[in-house]
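Visitor: Could you take me in for a close look at just one residue, and show me what is around it?

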Amino acid sequence: MAGSVVTLTESNWNEEVVNSDKPVLVDFWAPWCGPCRIIAPIIEELAEEFEGQIKVGKLNTDENPNIAMQYGIRAIPTVILFKNGEVVDTRIGVQPKEALKQMVMAHV
């Protein structure tokens, strides 16, 4: 599969997101979250469409609560776009693919 989605954890967060030389789209999710399962295929499609331009990752909020707290994640799914380690855009809840695509295109 082209455009792979990186599994993010507290141990690789700085390397993969904060210090990334590309914008990073992060899907904050949990296995029990129904809406998270709805948005998952959209996240994978965006990883393929923007391969080489951005990095796409998923962070399980149950397994990595410190990062979820650090970014004030109160509802999932939450999708945050990071650029140069900083939050540049956030979407909460299930979003149409076009909305997420526009969010990415505004920063690449």
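Guide: Let's start from the outside: the protein chain exposes about 5,600 Å², and carbon and sulfur atoms supply 49% of that (areas by the Shrake-Rupley method with a 1.4 Å probe; for residues, only the protein chains shown count as cover). This is a predicted model, where local features need pLDDT of at least 70 and side-chain atom pairs count only at pLDDT 80 or more, while totals for chains, interfaces and linings use all residues. Residues are numbered from 1 along each chain as its sequence is written, and side-chain values use heavy atoms, leaving out hydrogens and water.

Of the 108 residues, 45% count as buried, meaning under 20% relative accessible area with a 1.4 Å probe and protein chains only. The chain has four helices and five strands (DSSP runs numbered from the N terminus: H or I, at least four residues, for helices; E, at least two, for strands). Along the sequence they run β-α-β-α-β-α-β-β-α.

Now for our close-up: Asp27, which you'll find in strand S2, residues 24–29. Asp27 counts as buried because its relative accessibility is 0%. What does its side chain pair up with? Asp27 and Lys58 share a side-chain polar contact of 2.8 Å; that's a pair of N or O atoms within 3.5 Å, where, within protein, one must be able to donate a hydrogen and the other to accept it, and residues adjacent in sequence count only if both atoms are side-chain atoms.

Setting aside neighbours within four places in sequence, Asp27 is also in contact (heavy atoms within 4.5 Å) with residues including Ile39, Ile43, Gly57, Leu59, Pro77, Thr78 and Val79.

Definitions and conventions: Buried means under 20% relative accessible area, exposed over 50%, partly exposed in between (1.4 Å probe, protein chains only).
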